[in-house]
Amino acid sequence: MVLVAESAGRSELAQAQDESVRLAAQLDEKQAEIAALEEALESAEEALLDIDARSAELDDRQAELESAAADLDARAAEIATAEAALVARSAQVDAAAAAASRPNDPPAAGPVYFENCDAARAAGAAPVRAGDPGYASHLDRDDDGVGCE
């Protein structure tokens, strides 16, 4: 009976040792999995930091682009204003040229008077020729019939 018990005890011991070896192998596998997961987590954290840094760079670039767009909008508004002024000036020059080509036509509205050549230029009438609306001797310093030359 002792032999049976001893044999049973050895069998249990062998089973326990086998179970211990199996569990040790499983433990090694799980520890390897944990190490791999920790490494993956570290890589993911580094990637997240890189993404955060890139996001900050993109935010800065977006702010720069928005500022540049605002500058372009302001410049476009300036250009539109300048174009409108050129169109108005062109219309004044065309009107003055048309008036100069018809020196015998009476003025369209009441008498035109320019205090000085700056006023005549501002109205788009310079140079003012004798017979043109607004011509006056005080605008023609050399008495050649053309004022504000």
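Here is a quick tour of the chain, from its overall layout down to a few residues worth finding in the viewer. Keep in mind that this is a predicted model. The chain has 149 residues, and 9% of them are buried. Its ordered parts are 2 helices and 2 strands, and they come in the order α-α-β-β as you read along the sequence.

**The overall layout**

- Start with helix 1, which covers residues 2-101.
- Helix 2 takes in residues 117-122, and a loop joins it to strand 1 at 128-129.
- Another loop leads from strand 1 to strand 2, which sits at 146-147.
- Now look at who touches whom: of the contacts with a separation of 6 or more, 32% link residues 24 or more positions apart.
- The chain's accessible surface adds up to about 11600 Å², and carbon and sulfur atoms own 58% of that.

**Salt bridges in helix 1**

- The whole structure holds 6 salt bridges, and three of them are worth a closer look here.
- One of them pairs the side chains of Glu19 and Arg22, with an N to O distance of 2.3 Å.
- These two partners are 3 residues apart in helix 1, which means that about one helical turn separates Glu19 from Arg22.
- Glu19 is partly exposed at 34% relative accessibility, and Arg22 is partly exposed too, at 39%.
- Further along, Lys30 and Glu33 join their side chains in a salt bridge at 3.8 Å, N to O.
- Lys30 and Glu33 sit 3 residues apart in helix 1, so there is about one helical turn between them.
- Lys30 has a relative accessibility of 47%, so it counts as partly exposed, and Glu33 is partly exposed with 40%.
- Arg75 and Glu78 form another side-chain salt bridge, this time with 3.1 Å from N to O.
- Because Arg75 and Glu78 are 3 residues apart in helix 1, they too are about one helical turn from each other.
- Arg75 is partly exposed with a relative accessible area of 47%, and for Glu78, also partly exposed, the value is 47%.

**A patch of negative charge**

- On the surface, Glu39, Glu42, Glu45, Glu46 and Asp50 come together as a patch of negative charge.
- Asp50, one member of that patch, belongs to helix 1.
- Is Asp50 buried or exposed? Its relative accessibility is 55%, and the cut-off for exposed is over 50%, so Asp50 counts as exposed.

**Backbone oddities to look for**

- Check the peptide bond running from Ala126 to Pro127: it is cis, and its omega is near -5°.
- You'll find Pro127 in the loop that connects helix 2 with strand 1.
- Asp143 is not a glycine, yet its phi is positive, at about 50°.
- Asp143 lies in the loop between strand 1 and strand 2, and with 63% relative accessibility it counts as exposed.
- Cys148 isn't a glycine either, and its phi is positive as well, near 60°.
- Where does Cys148 lie? Look in the segment after strand 2.
- Cys148 has a relative accessible area of 6%, and buried means under 20%, so Cys148 is buried.

Methods. Residues numbered from 1 in each chain as written. Predicted model: local features only at pLDDT ≥ 70, side-chain atom pairs only at ≥ 80, totals over all residues. Heavy atoms only, no water. Helix = DSSP H or I, 4+ residues; strand = E, 2+ residues; numbered from the N terminus. Buried < 20%, exposed > 50% of the residue type's maximum accessible area, 1.4 Å probe, protein only. Contact = heavy atoms within 4.5 Å. Areas by Shrake-Rupley, 256 points an atom, 1.4 Å probe, with all protein chains shown as cover. Patch = residues over 30% accessible without salt bridge, like charges linked within 9 Å, V, L, I, M, F, W, Y side chains within 5 Å. Salt bridge = Lys/Arg side-chain N within 4 Å of Asp/Glu carboxyl O. Lys, Arg positive; Asp, Glu negative; His and termini not counted. Charge placed at Lys NZ, Arg CZ, Asp CG, Glu CD.
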